[in-house]
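Trainee: I've never read a protein model before. Could you walk me through one, feature by feature?

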Amino acid sequence: MQRGVSYQKLLDGLQQRTWNLPFYRQQNTIASGGRHSFAITGHRFTQNETINFDDAEKACQSKTTLELLRSSLILNACSVETFVKHNYKILSWTRRLMGRSVFNAMMRPTVYKQFVGGDDFTSFQETVSRLQTVGVRPLVMVTLEEDVKDDGPDADQLFDRNLKIMKDCMEMTAALGSQNPMMQIKPSGLFPLALCKSVSAEIPFPSSEPEVVEKIANSMETSKEVTKLGNLSTIEIAQLNKALNRIKQICKVAMERKLMILVDAEYTYLNPCLNLLALAMMLHCNGSEPLVTNTYQNYLKETPNILLKDIELAQTHGVTFGAKLVRGAYIYKERALASEKGYPDPVCETFEKTTKNYNRSMDIMMEKVAKHPGKFCVTIASHNEDTVKRGTNKMAKLGIPRSSDQTVIFAQSYGMSDFISLSLGQAGYMTYKSIPYGTIDEALPYLSRRLNENSSILGGVRRERKIIHAALGRRLFSFN
Ligand SMILES: Cc1cc2nc3c(=O)[nH]c(=O)nc-3n(C[C@H](O)[C@H](O)[C@H](O)COP(=O)(O)OP(=O)(O)OC[C@H]3O[C@@H](n4cnc5c(N)ncnc54)[C@H](O)[C@@H]3O)c2cc1C
């Protein structure tokens, strides 16, 4: 309930402050400045300049010394294994011991400020505008309540509330005035988890059953209810129709506001259903613009093959296609589940094999972007420096312009790998930060995951620490 209130606060703030928008539009026009050349902080970039992640001062220039000290402190905490492993329990216990207000007073200037964009319109807009001045755009993230019962008599109320949160957040994102605003969504918050599992079991490879994708897309298009899907029960079919109605409303806002939506991927036992919905949403929304993007987790062995099949389906239907490429966030749970249930591990055996998969997916998408301008859009969502460099090199090799909207996008999480995002943004690549909006209480599970994720990208964290320390050293100890 509290969440509803804070979104309302945000929207109220927005309505009062629409006079501010031309200023942001103006800033964005400067930051993106046309299709093939652009100017940020007075510098004009050309296609051939090589991206440089080594310039500590440049990468940290938008941060105050205090912010750099905070980042350094948090990154150090992320290297303490016991803290990272038990961080959610430690944070929850500390909150109980200290009381909510003392705990929040401690969290707000530290972990919360590092990873969350804000919990009211003013603070969120400040975050966004600060990033925009260094050429980085917002990819707004909804943090829905987690671990809530979704199968009782009140379940529909929960899904309708989640729908409202998502739609409000979409309106807010569109109103921020950023060029090509984007939002990350989890459709699994709109219907029961059990239904998501059942659909996934019934339709394990959606693009191999195009008639099913067409049926779902047709229902979104015409509001005609689905009457049968595999062996789903009558109750499940009714739940599915309610889910499609909610998703249709998300699509409507996306189309009206020209807002790109990126559908998140989750666990393998849920992904086929999410994949089916994302493909149907593409058939419904992606006319001449890739408004809907699906996520491809490249730690899964089969991902590049699924990506190829999905592309084929989109091309057959003559719609644009969007792919967000990630390595994948649920490696430990996926491995544990496979071993517990006795099925083959779906995750690549090694990090190198995951990277090989990632590179293959990146090549598939980049070649499509180069060959069919405007028809494909790829988001390289990674904190890995080598992956990002490989992406920029591949773009140069294929002649893909850096500043071309909706073709190749780079994205990192807010508060993580800032040296990569800021360097990319300043060099004129389409760069986004995934920024959550919410209060400390709402964001706690998310914050816990970020601390965990920081430890899982240890190479990147070590590098980021080094860059921050170098910048701090220069600022604090240089007498020039
Ligand atoms: C904008 C954005 C959106 C995202 N959306 C999603 C999403 O929808 N779904 C999702 O799952 N994740 C998502 N993520 C999280 C993403 O998957 C993580 O950032 C990623 O897991 C970390 O990978 P990296 O390339 O950033 O860093 P790296 O340090 O290069 O990679 C670490 C990752 O490599 C893989 N890995 C590590 N060790 C091994 C091993 N031994 N064997 C095989 N693989 C290994 C794991 O996936 C691990 O997380 C998103 C991230 C961003 C920035």
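**Reading helices and buried residues**

Mentor: Let's start with a pair of helices: α17 and α18 cross in a right-handed way. Keep in mind that this is a predicted model.

Trainee: What angle and what distance describe the packing of α17 and helix α18?

Mentor: The general idea is that two packed helices are described by the angle between their axes and the distance between the axes. Here, α17 and α18 (residues 418–426) pack at about 15 degrees, and their axes are 11 Å apart. Angles under 35 degrees count as roughly parallel, so α17 is roughly parallel to α18.

Trainee: Which residues of α17 and α18 meet?

Mentor: From α17 you have E385, V388 and T392, and they meet F419, I420 and L424 of α18. Sorted by class, that contact has 4 nonpolar, 1 polar and 1 charged residues.

Trainee: Let's try the next pair. How are the axes of α16 and α17 placed?

Mentor: Those axes come within 10 Å and cross at roughly 30 degrees. With under 35 degrees as the cut-off, α16 and α17 are therefore roughly parallel to each other. The crossing of α16 past α17 is right-handed.

Trainee: And which residues of α16 and α17 meet there?

Mentor: On the α16 side, look for Y358, N359, M362, D363, M366, E367 and A370. On the α17 side, look for T387, R390, G391, K394, M395 and L398. By class, the contact of α16 with α17 has 6 nonpolar, 3 polar and 4 charged residues.

Trainee: Can we zoom in on one of those? Is K394 buried or exposed?

Mentor: To answer that, you look at relative accessible area, where under 20% means buried. K394 has 15%, so it is buried. You'll find K394 in helix α17, which spans residues 385–398.

Trainee: What is K394 in contact with, leaving aside its neighbours within four places in sequence?

Mentor: With those neighbours set aside, K394 is in contact with D363, M366 and E367. The side chains of K394 and E367 are also joined by a polar contact of 3.2 Å.

Trainee: I'd like another lysine to practise on. Where is K433 found?

Mentor: K433 is in strand β10, residues 430–437. Use the same reasoning step: under 20% is buried, and K433 has a relative accessible area of 1%, so K433 is buried. The K433 side chain makes a polar contact of 2.8 Å with the side chain of D418.

Trainee: Back to helices for a moment. At what angle do helix α14 and helix α16 pack?

Mentor: At about 20 degrees, with the axes of α14 (residues 303–316) and α16 (residues 351–371) 9 Å apart. That makes α14 and α16 roughly parallel to each other. α14 passes α16 in a right-handed crossing. The residues making this contact are T303, P304, N305, L307, L308, I311 and Q315 from α14, together with N357, R360, S361, I364, M365 and K368 from α16. Their classes come to 6 nonpolar, 5 polar and 2 charged residues.

Trainee: Now the backbone. Which sign does phi of S223 have, positive or negative?

Mentor: Phi of S223 is positive, near 65 degrees, and S223 is a residue other than glycine. S223 sits in the loop between α11 (210–222) and α12 (234–257). S223 counts as partly exposed because its relative accessibility is 47%. K258 also gives you a positive phi, about 50 degrees, although K258 is not a glycine. K258 lies in the loop between α12 and β5 (260–263), and at 48% relative accessible area K258 is partly exposed.

Trainee: How far apart are S200 and L276, in sequence and in space?

Mentor: In sequence S200 and L276 are 76 residues apart, but in space they are 8.6 Å apart, C-alpha to C-alpha. S200 belongs to helix α10 (residues 193–202), and S200 is buried, at 7% relative accessible area. Leaving aside neighbours within four places in sequence, S200 is in contact with Y269, L270, N271, P272 and C273.

Trainee: Finally, the whole protein. How many helices and strands does the protein have?

Mentor: There are 20 helices and 10 strands. Of the 480 residues, 56% count as buried. Among contacts with a separation of 6 or more, 79% are between residues 24 or more positions apart.

Methods:
Residues numbered from 1 in each chain as written. Predicted model: local features only at pLDDT ≥ 70, side-chain atom pairs only at ≥ 80, totals over all residues. Heavy atoms only, no water. Helix = DSSP H or I, 4+ residues; strand = E, 2+ residues; numbered from the N terminus. Buried < 20%, exposed > 50% of the residue type's maximum accessible area, 1.4 Å probe, protein only. Polar contact = N/O pair within 3.5 Å; in protein donor to acceptor, adjacent residues only side chain to side chain. Contact = heavy atoms within 4.5 Å. Axes fitted to C-alpha atoms, helices over the stretch in contact; angles between N-to-C directions. Parallel < 35°, antiparallel > 145°, perpendicular 65-115°, else oblique. Left-handed = near helix turned anticlockwise from the far one by under 90°. Nonpolar A, V, L, I, M, F, W, Y, C, P; charged D, E, K, R; others polar.
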